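Let's take a walk through this structure together, starting with its charged side chains and moving on to the way its helices pack. Please keep the sequence and the 3D view open as you read.

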Amino acid sequence: MAYDPALASIPSPSSSGIRLGPLELHAYGLMYVLAVLAAILVTTRLWESRGGRRELVYQVAMVGFPAGLIGGRLYFVLTSWNEVPKHWWGPLAVWQGGLGIWGGIAGGVLGGLWVLRRRHANIPAFLDAAAPGLLVAQAIGRIGNWFNQELFGGPTTLPWALRIDPAYRPPATPSTRRSI
């Protein structure tokens, strides 16, 4: 019997969210919220285990999260300007575009550093406690990318490949594309 790689691949979700009456709950947004909560939880535990106060973690998150959103959107607008809606409010329309991870990291870190400096905190020690939480958040965020069928790799026949719907593939991609 011949090996069929399509049987061993991971299907992509058929929907990127669920409808609750007139509202649509997007899986990417839900994963974003869960990622932030996980980062706060992990950072709080590590920071407190080192003698820090949890309030500082909350203060950093209250500034770092919106600063990361702003940085992520600015990065997307600057690097993918052709995908931004052509209205005056287009650069603000995160629901019709994206966030760039590098801008999000830069904005979030700068916002967090600003809080840490104002509170006269031990910045290296705090960053050391925050790093594992940020990695957990990144992993959770990637689940949101899976629901959106974005950020996939090149074609493969490996059994852990993702099946990507044709609508989400780059134009020059073979119709049998599966990705890792």
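How many salt bridges does the count come to? The answer is four salt bridges, and keep in mind as we go that this is a predicted model. Let's visit some of them.

A good place to begin is the pair formed by Glu 24 and Arg 19, whose side chains meet in a salt bridge with an N to O distance of 3.6 Å. That distance qualifies because the cut-off is within 4 Å. How accessible are the two partners? Glu 24 has a relative accessibility of 36%, so it counts as partly exposed. Arg 19 comes to 56% and therefore counts as exposed, since exposed means over 50%.

Next, please find Arg 50 and Asp 128. These two form a salt bridge in which the closest N and O atoms are 2.8 Å apart. This pair links distant parts of the chain: Arg 50 sits in the loop between α2 (27-49) and α3 (54-79), while Asp 128 belongs to helix α5 (residues 123-148), and 78 residues separate the two. Arg 50 is partly exposed, with 46% relative accessibility. For Asp 128 the relative accessible area is 46%, and this residue too is partly exposed.

Another salt bridge joins the side chains of Glu 55 and Arg 53, at 3.3 Å from N to O. Here Glu 55 is partly exposed at 37% relative accessible area, whereas Arg 53 counts as exposed at 59%.

Now let's turn to the helices, with α2 as our guide. At what angle do α2 and α3 pack? The angle is about 150°, and their axes lie 10 Å apart. Because angles over 145 degrees count as roughly antiparallel, α2 is roughly antiparallel to α3. Their crossing is right-handed. If you would like to trace the contact residue by residue, look on the α2 side for Tyr 32, Val 36, Ile 40, Thr 43, Thr 44, Trp 47 and Glu 48. On the α3 side, the contact is made by Arg 54, Leu 56, Val 57, Tyr 58, Ala 61, Phe 65 and Leu 69. Sorted by class, this contact of α2 with α3 has ten nonpolar, two polar and two charged residues.

Helix α2 also packs with α5, at an angle of about 160° and with the axes 8 Å apart. That angle makes α2 roughly antiparallel to α5. The crossing of α2 and α5 is right-handed. How does the contact of α2 with α5 divide by class? The contact has 21 nonpolar and six polar residues, and no charged residues.

Let's finish with a single residue of α2. Ala 27 is found in this helix. Is Ala 27 buried or exposed? Its relative accessibility is 10%, so Ala 27 counts as buried, the cut-off for buried being under 20%. Leaving aside residues up to four places away in sequence, Ala 27 touches Ser 16, Gly 17 and Phe 147. For a sense of spacing, compare Ala 27 with Ala 38: the two are eleven residues apart in sequence, and their C-alpha atoms are 16 Å apart in space.

Note on methods. Residues numbered from 1 in each chain as written. Predicted model: local features only at pLDDT ≥ 70, side-chain atom pairs only at ≥ 80, totals over all residues. Heavy atoms only, no water. Buried < 20%, exposed > 50% of the residue type's maximum accessible area, 1.4 Å probe, protein only. Helix = DSSP H or I, 4+ residues; strand = E, 2+ residues; numbered from the N terminus. Axes fitted to C-alpha atoms, helices over the stretch in contact; angles between N-to-C directions. Parallel < 35°, antiparallel > 145°, perpendicular 65-115°, else oblique. Left-handed = near helix turned anticlockwise from the far one by under 90°. Contact = heavy atoms within 4.5 Å. Nonpolar A, V, L, I, M, F, W, Y, C, P; charged D, E, K, R; others polar.
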